[in-house]
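Thanks, everyone. I'll walk through one model, starting with how the helices pack. Here it is on the screen.

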Amino acid sequence: MIDQNKIDALNAEYKNALPADIIKKAFELNDNAVVTTNFRPYEAAILHAVSSVQSKIPVVWCDTGYNTPQTYKHAEQVIKDLDLNIFLYVPKQTSAHRDVVMGIPSIDAPEHALFTEQVKLEPFKRAMDEHKPNVWFTNLRQGQTAFRNSIGIFSVSKDGVLKVSPFYYWSDEKLDIYLEENNLPNEFKYFDPTKALENRECGLHA
């Protein structure tokens, strides 16, 4: 496991680096890597950036089963356009079954933790157990949540995986330009059933 001093040094050195240079550095450190996505807004940027450096990197998509039709259409377009090496993980119970048993519980309901475990945490853990990556590319950005404000471009997950967020310091406006320059689509009609608020952590990262 990479130590905190090394993480701090990497964050200082690469704070103003281009995403491609950050990604190349991560592959130099360890090439056993995955990139995760939920096809929320601006995800095409991280998928394009990482696959431009390593075209066949495993792309882990944990689909809660509650995405909007627009998100599913967007996902299919991005997968096709970028020729992604996609690995799909879904909950063990269908959303139709869960709707009868539990529905989508409110954030303060006792069932909310179980719901989050079923639709997000368990599929994600299954994905990471199967791929066993040493490097995890993600599109976390500063300003999204209080926790994400504290981590930097390079961080270490609770399971000891090197987590790399190449667009960490980028604004929406800067990402809009990146998408336009690279002819990439975006989609804002996105729904995360585990988060009542946009600035709330979903449990994967904190």
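Helices α2 and α3 cross in the right-handed sense. This is a predicted model, so please keep that in mind throughout. The two helices, α2 and α3, pack with their axes 9 Å apart, at an angle of about 55 degrees. That angle makes α2 oblique to α3, because it falls neither under 35 degrees nor in the range of 65 to 115.

Who makes this contact? From α2 come Ala 20, Ile 23, Lys 24 and Phe 27. From α3 come Ala 49, Val 50 and Val 53. By class, the contact of α2 with α3 has six nonpolar residues, one charged and no polar.

Now the other partner of α3. Helix α3 covers residues 43–53, and helix α7 covers residues 172–181. Their axes come within 10 Å and cross at roughly 55 degrees. So α3 is oblique to α7 as well. But the hand here is left-handed. On the α3 side, the contact uses Ala 44, Ala 45, His 48 and Ala 49. On the α7 side, look for Leu 175, Tyr 178 and Leu 179. The contact of α3 with α7 counts six nonpolar residues, one polar and no charged. Note Ala 49: it appears in the contact with α2 and again in the contact with α7.

Next, the sheet. What is the strand order? Reading across, we get β3-β2-β1-β4-β6-β5. The sheet is open, has six strands, and its pairing is mixed. A quick reminder: strands of a sheet pair through backbone hydrogen bonds, either parallel or antiparallel. The edges are β3, residues 85–89, and β5, residues 154–156. Each of those edge strands pairs on one side only. On average, neighbouring strands in this sheet are turned by 30 degrees against each other, direction ignored.

Zoom in on one pair. Strand β4, residues 135–137, runs parallel to β6, residues 162–164, and the two share three bridges. Within that pair, Val 135 sits opposite Leu 162 of β6.

Back to α2, residues 19–29, which also packs on the sheet. Helix α2 touches β1, β4, β5 and β6. The direction of α2 makes about 160 degrees with that of β4. So α2 has the sheet as a partner, and α3 as another.

Let me step back to the whole chain. How many helices and strands are there? The protein chain has seven helices and six strands. From the N terminus, the elements run α-α-β-α-β-α-β-α-α-β-β-β-α. Along its principal axes, the C-alpha trace spans about 50 × 35 × 30 Å. The radius of gyration is 17 Å; a compact globule of 206 residues would be near 17 Å, so the chain agrees with that expectation.

Last item: backbone angles. Most residues other than glycine have a negative phi. Here are two residues to look at. Asp 83 is not a glycine, yet its phi is positive, about 50 degrees. Asp 83 lies in the loop between α4, residues 69–82, and β3. Lys 132 also has a positive phi of about 50 degrees, and is not a glycine either. Where is Lys 132? In the loop between α6, residues 112–131, and β4.

To recap the packing: α2 with α3 is right-handed, and α3 with α7 is left-handed. Happy to rotate the model for anyone.

Technical notes: Residues are numbered from 1 along each chain as its sequence is written. This is a predicted model: local features need pLDDT of at least 70, side-chain atom pairs count only at pLDDT 80 or more; totals for chains, interfaces and linings use all residues. Side-chain values use heavy atoms; hydrogens and water are left out. Axes are lines fitted to C-alpha atoms, for helices over the stretch in contact, and angles run from 0 to 180 degrees between N-to-C directions. Helices (H or I, at least four residues) and strands (E, at least two) are DSSP runs, numbered from the N terminus. Angles under 35 degrees count as roughly parallel, over 145 as roughly antiparallel, 65 to 115 as roughly perpendicular and the rest as oblique. A crossing is left-handed if the near helix is turned anticlockwise from the far one by less than a right angle, and right-handed if clockwise. Contact means heavy atoms within 4.5 Å. Ala, Val, Leu, Ile, Met, Phe, Trp, Tyr, Cys and Pro count as nonpolar, Asp, Glu, Lys and Arg as charged, and the others, Gly among them, as polar. Two strands pair if DSSP finds at least two bridges between them. The radius of gyration is taken over C-alpha atoms; the globule rule is 2.2 Å times the number of residues to the power 0.38.
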